[in-house]
Amino acid sequence: MGQPVKRIDARSKVTGRARYVADVKIQGMLYGKMLFSPHAHAHIKGIDTSKAEGLPGVWAVITAQHIPGENQIGVVTPDQPLLAQETVRFVGDCVALVAAESASVAEKALGLIRVDYQTLPGVYTAQEALGENSPLVHQGGNLLTHLKIRKGDLKKGIGECDILLEETFHTQRQEHVYIETIGALAIPEGDGSMTILGSIQCPFYVQKGVAHVLGLPMNKVRIVQATTGGGFGGKEDVPSEICGFASLLAWKTHRPVQMILTREEDLRRSSKRHPMSVTYKMGATKGGKILCAQIEVLADVGAYATLSPVVMFRSTVHATGPYEIPHVKVDTYGAYTNNIPSGAMRGFGTPEVTFAHESMVDELAAKLNMDPIQIRLINGLRLGSQTATGQVLRESVGLEETIVKAKEACDWESKRAEDKRIGPSRRRGLGASAMFYGVSLGAKGWPLDGSAAAVQVHQDGSVSVAIGGTEMGQGAQTVVAQMAAECMGLSLDRIAILATDTSLVPDSGPTVASRTTVFSGNATLNALEQIKRSMTELASELLAVAPEKLDFRDGQVLGGGKKISFDQLVQHCYSRNINLGAEGWFVSPPCSFDEETGQGDAYYVYGYGTQIAEVEVDLDTGQVQVLRVTAAHDVGKAINPQGVSCQIEGGVVQGVGYALLENFMMVKGQIQTPDLATYTIPTSLDVPQVEPIIVEAISEKGPYGAKGLGEQPIIPTAAAVANAIHDATGIRITKLPIGPEALRRALLEERKEL
Ligand code: MTE
């Protein structure tokens with residue numbers, strides 16, 4: 001624990017032995033396909049499935065009318081039918097499903113289904129959606145959510161500022177591009193229950209969603225997570241839809257049905273990062289103290305709410321960045337449109353606002369002729385600071401250390417002072433960006449914020465741990481195994497982490513919000529402590545040593561000069577019928593948020609980070625190469641430092657994509673980037689040198705002091721890159737991604753003497 005270890009799932013993955021859901025074939029299995037709407041907004045007048053049903057090899061064609069339970073799959077707001085019934089609201093809405101002997105027959109059957117549509121006028125931007133007399137996406141109106149923060153006296157704050165800046169920023173839709181597309185295998189069991197194996201981030205969401213549409217009690221639906229090739233938030237709620245489709249077909253045909261999305265289907269159906277327009281007014285004194293922030297965020301939530309209300313909560317709480325600002329007014333709005341739904345993606349509404357506030361902080365520094373690092377140190381949150389929600393930070397605030405360490409590691413002062421010109425048309429620049437991020441679900445998700453683990457010590461002394469959190473590549477299983485090994489004084493190879501299965505562990509909430517290390521970790525420790533108590537009691541009797549003197553170390557239980565091997569003690573326990581199985585539970589410390597004022601302890605603790613990007617800009621082409629990113633992150637205790645470094649590297653690369661390349665484009669509700677030839681992500685040639693720096697501000701409530709990190713490294717990268725471009729060229733770009741055309745145009749418009 002606390003040492004770099006090899007991931008316990010590495011070997012099976014690199015040798016190709018790990019079984020993803022597409023690798024599993026069972027006898028009698030059928031293949032499922034879905035029919036998408038070609039329209040972004042239309043009324044369904046009729047569906048004729050007769051020809052498709054008559055095609056040899058077709059076993060079932062299903063439309064909304066066949067659903068035995070409730071046709072509703074919305075995870076936070078009940079606004080999303082599983083199969084469109086009267087209206088389609090985006091081009092990923094499905095109107096029919098087919099199960100056939102092969103995927104190609106199913107595909108052919110889709111072509112035989114006739115749907116009579118009457119197209120409707122649509123809305124395609126959040127601004128348009130909130131305009132008067134705009135077409136309605138849902139009957140209740142296009143405004144889904146409005147969240148507020150009111151702190152201090154904004155008017156007074158503005159009055160006291162020596163400098164006040166205002167700017168609007170725009171961010172784009174981003175796709176997760178997990179390496180494995182979403183897939184499910186639904187198996188109808190003899191007793192009327194349904195077992196589903198799938199590529200899933202949140203099995204307990206799927207269990208609830210599938211039970212709901214099948215009209216079954218939840219104890220008749222079992223979800224098992226197959227090895228999952230990445231999620232990044234994209235497999236949070238969308239798998240409930242795909243597993244819902246597969247299980248409807250399995251229910252209808254009484255045969256197992258596999259549904260593996262092609263990349264194009266996946267891009268069309270799965271939610272994306274929210275496109276946002278963000279307006280900031282920020283003011284400071286001559287000395288660089290930020291006194292006020294007035295912020296308005298407008299997000300396009302797309303056709304259905306999915307997780308937008310909670311994503312927008314994060315945008316609201318994190319809108320002012322990791323700074324103590326006395327006077328704050330924040331309004332965040334989410335509006336329905338006829339675009340693809342926006343939903344959960346790594347950082348959950350925070351990278352968007354971070355791009356804006358970190359650009360603003362740099363602009364303030366530039367106007368005040370102040371070093372960007374200095375302004376961050378003056379205003380940065382520290383112990384005792386009060387956040388925008390009025391929360392006083394009483395523990396584990398590592399921001400300052402991340403700023404100082406990143407600055408030192410990248411040689412900030414001498415590099416900023418260097419000549420930016422490195423050739424007739426090439427310029428170099430250095431940019432900084434800081435962030436904070438609430439750990440776990442916070443006040444808005446508190447009722448879901450408990451997690452379980454079920455642990456068993458077997459007769460041979462090996463240990464099985466079942467957790468409710470999932471592994472999707474982030475290394476969660478390894479850190480939980482490390483903590484279990486540490487707790488029991490065993491080597492890592494004695495611990496097995498089981499595939500996440502809703503029949504093994506109580507509902508543990510979702511695997512999101514970088515919560516697994518803390519929540520599955522603490523739940524596992526809670527279970528192990530119960531087992532340890534029983535084992536200690538018996539060891540005390542056998543060794544005639546007081547229980548408080550006994551320690552579990554190096555495969556032994558020892559103390560008072562005596563010892564017994566762990567395995568022998570286990571044998572004794574079994575021979576006396578002592579239970580060596582236990583269930584552990586961990587619940588988030590309390591959080592609060594007043595809907596009117598936005599005041600409260602929004603999250604129980606926060607992670608912090610600072611990144612510094614070094615870029616080279618080609619003035620002739622507008623092309624930006626990110627050369628190096630120094631990334632210092634406060635993670636509480638780093639359980640597996642190597643895993644932390646890898647998460648930082650991965651997050652930075654995804655952040656570079658967000659900054660420079662990625663843009664899931666829609667025009668009038670139609671997708672312009674339907675595949676990976678048109679939606680571009682960084683390749684190995686775009687990857688900068690990443691220098692991860694681990695800062696450990698220990699958190700009281702974390703297992704061994706951990707806070708988790710999974711999402712954080714993507715959050716500050718885009719702003720650091722934009723600030724570095726500004727340092728290199730003097731151009732402030734306010735819209736992501738910063739593609740070569742946009743930068744070249746801005747360079748020409750500014751007619752900079754470069
Ligand atoms: N890393 C990999 N390799 N694959 C992933 O899918 N998901 C990210 C992050 N890092 C992801 C990843 C997201 S969105 C989250 S919420 C966290 O991991 C979840 O992991 P944790 O709860 O173990 O921190």
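Let's start at the ligand: 17 residues surround it, and G231, F232, Q474, T516 and Q647 come nearest. A residue is counted as near when one of its heavy atoms lies within 4 Å of the molecule. Keep in mind that this is a predicted model, where local features need pLDDT of at least 70, side-chain atom pairs count only at pLDDT 80 or more, and totals for chains, interfaces and linings use all residues. Residues are numbered from 1 along each chain as its sequence is written, and side-chain values use heavy atoms, with hydrogens and water left out.

What kinds of residues make up the shell around the ligand? By class, there are five nonpolar, nine polar and three charged residues. Here Ala, Val, Leu, Ile, Met, Phe, Trp, Tyr, Cys and Pro count as nonpolar, Asp, Glu, Lys and Arg as charged, and the others, including Gly, as polar.

Now look at the ligand's oxygen atoms. One is 2.6 Å from a side-chain N or O atom of T516, and the side chain of Q474 has an N or O atom 3.1 Å from a ligand oxygen. R515 takes part through its backbone, with an N or O atom 3.2 Å from an oxygen of the ligand. The ligand taken alone exposes 520 Å², and the protein buries 93% of that; accessible areas come from the Shrake-Rupley method with a 1.4 Å probe, and for residues only the protein chains shown count as cover.

Next, step back to the whole chain. Its domain assignment gives domain 1 (10-120 + 176-269), domain 2 (276-443 + 593-753) and domain 3 (450-587); such bounds come from an automatic or database assignment. The centres of domain 1 and domain 2, taken over C-alpha atoms, are 36 Å apart.

Where these two meet, 27 residues of domain 1 are in contact (heavy atoms within 4.5 Å) with 30 residues of domain 2. How many salt bridges cross this interface? The rule, a side-chain nitrogen of Lys or Arg within 4 Å of a carboxyl oxygen of Asp or Glu, finds zero between domain 1 and domain 2.

Note on methods. A polar contact is a pair of N or O atoms within 3.5 Å; within protein, one must be able to donate a hydrogen and the other to accept it, and residues adjacent in sequence count only if both atoms are side-chain atoms.
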